[in-house]
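Colleague: I should like to go through this model with you step by step. Please display it before we begin.

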Amino acid sequence: MKLTVVGCSGSFPSAESACSSYLVEADGFRLLLDMGNGALGELQRHCGLYDLDAIFLSHLHADHCIDMCAYFVARYYRHDGGRCDPIPVYGPEGTEQRLTTAYADTPSASSMSEVFDFHTVKPGSFEIGPFSVHTEKVSHPVEAYGIRVEHGGRSLTYSGDTGVCDALDELARDTDLFLCEAAFTHGKESIPDLHLNGREAGETAARAGARRLVLTHIPPWTDPEANLSDAREVFGGPVELAAPRTSYEI
Ligand SMILES: [Zn+2]
Ligand SMILES: [Zn+2]
């Protein structure tokens, strides 16, 4: 599997990075995890506009899904001939309605479904192309999922947005690469069931036995180096900060 960080800024984009979006590739199949603010532009550095095979939305906060409205335009009003066929989109209950409302004036209430084939995510295991995926509800103010993606005996776990929870520990169990949010700063922000700080991300990785930890979703107003050192204090494996346009072979 190849993981490419399309965008990794938390909550709102930074000057350097779009919001959450991660491209996972294997066997020529391209799965995008989240499509936050600015992600569609960045994505085109890594693949063609129409080269995605499936999209997974961890939850419906704008910093994880709002560029789906822009992608709707690109697929629905395609300039090089005809409307795009529907691409599978996996998201929480109500994804189609939410995106339709956000767009505000789709030609009809069902226009989104002409170019997106919506599937409602529930906790469980299923296949997306060549990937075996497992999803669990994580701890966030809205319905939100973490996801474990497996292929060829290797695994990637993406936290989405979450506070500390058992579900995330299980998703990250012995995972090869744990892409974990660390939006908060240890000792500064502490709101349960919202976000992790660097220390909590490191503790989760340690409990789960993750092999490698990549911290992501760090907002522009947060010091990433503080979160990195907090994670390193509690997790003995390799830890680094996600950065746009960085790829990992898993
Ligand atoms: Zn977020
Ligand atoms: Zn969120």
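**The metal sites**

Modeller: This is a predicted model. In it, the site of the zinc ion (ligand 2) is irregular, with angles of 90 to 166 degrees among its four donor atoms.

Colleague: Which protein residues are the donors of the zinc ion (ligand 2)?

Modeller: The donor atoms lie 2.2 to 2.4 Å from the zinc ion (ligand 2). Along the sequence, the donor residues follow the spacing H-x1-H-x78-H-x20-D. They are His59 (NE2), His61 (ND1), His140 (NE2) and Asp161 (OD).

Colleague: Where in the chain are histidine 140 and aspartate 161, and how many residues apart are they?

Modeller: Histidine 140 is in the loop between S8 and S9. Aspartate 161 belongs to the loop between S10 and helix H6 (166-171), so that the pair links distant parts of the chain. Both histidine 140 and aspartate 161 are buried. Their separation in sequence is 21 residues.

Colleague: Why is the arrangement around the zinc ion (ligand 1) irregular?

Modeller: The protein donors here are Asp63 (OD), His64 (NE2), Asp161 (OD) and His217 (NE2), at 2.1 to 2.2 Å from the ion. Four donors count as tetrahedral if all angles lie between 85 and 135 degrees. The arrangement around the zinc ion (ligand 1) is irregular because its four donor atoms subtend angles of 88 to 163 degrees.

Colleague: Which residue bridges the zinc ion (ligand 1) and the zinc ion (ligand 2)?

Modeller: The two zinc ions lie 3.5 Å apart. One residue coordinates both of them, namely aspartate 161.

**The cysteines**

Colleague: How many disulfides does the count give?

Modeller: A disulfide requires a pair of cysteine sulfur atoms within 2.5 Å. Cysteine 84 is in no disulfide, as the nearest cysteine sulfur, that of cysteine 47, is 13 Å away. Cysteine 180 is in no disulfide either, and the nearest cysteine sulfur, that of cysteine 165, is 9.5 Å away. The count comes to zero.

Colleague: Is cysteine 84 buried or exposed?

Modeller: A residue counts as buried under 20% relative accessible area. Cysteine 84 has a relative accessibility of 6%. Cysteine 84 is therefore buried.

**The interior**

Colleague: Why is helix H3 (residues 67-76) described as largely enclosed by the rest of the structure?

Modeller: The buried residues of H3 include Met68, Cys69, Tyr71 and Phe72. Helix H3 is largely enclosed because, of its ten residues, the number buried is eight.

Colleague: Which residues have the most contacts inside the largest nonpolar core?

Modeller: This core has 28 residues. Several strands each supply at least two of its residues, including strand S1 (2-7), strand S3 (29-33) and strand S8 (131-137). The residues with the most contacts inside it are Leu3, Leu33, Phe131 and Leu156.

Colleague: Which residues does leucine 33 touch, not counting residues up to four places away in sequence?

Modeller: Leucine 33 is among the residues with the most contacts inside the largest nonpolar core. With residues up to four places away in sequence set aside, leucine 33 touches Ser21, Tyr22, Val24, Phe56, Ile147, Leu156 and Tyr158.

**The annotated domain**

Colleague: Which residues does the UniProt annotation "domain: Metallo-beta-lactamase" cover?

Modeller: The annotation comes from an unreviewed UniProt entry. In the model, the span is 22% helix and 31% strand, and its end C-alpha atoms lie 24 Å apart. The annotation covers residues 18-186.

Technical notes
Residues are numbered from 1 along each chain as its sequence is written. Chains are lettered from A and ligands numbered from 1 in the order in which they are written. This is a predicted model: local features need pLDDT of at least 70, side-chain atom pairs count only at pLDDT 80 or more; totals for chains, interfaces and linings use all residues. Side-chain values use heavy atoms; hydrogens and water are left out. Donors are N, O and S atoms within 2.8 Å of the metal (3.2 Å for Na, K and Ca); water is not among the atoms, so sites may look incomplete. Four donors count as tetrahedral if all angles lie between 85 and 135 degrees; four count as square planar and six as octahedral if opposite donors are over 155 degrees apart and all others between 65 and 115; anything else is irregular. UniProt positions are given in the numbering used here, feature names are shortened, and annotations may be inferred rather than shown by experiment. Helices (H or I, at least four residues) and strands (E, at least two) are DSSP runs, numbered from the N terminus. Buried means under 20% relative accessible area, exposed over 50%, partly exposed in between (1.4 Å probe, protein chains only). A nonpolar core is a set of buried Ala, Val, Leu, Ile, Met, Phe, Trp, Tyr and Cys residues joined through side-chain atoms within 4.5 Å. Contact means heavy atoms within 4.5 Å.
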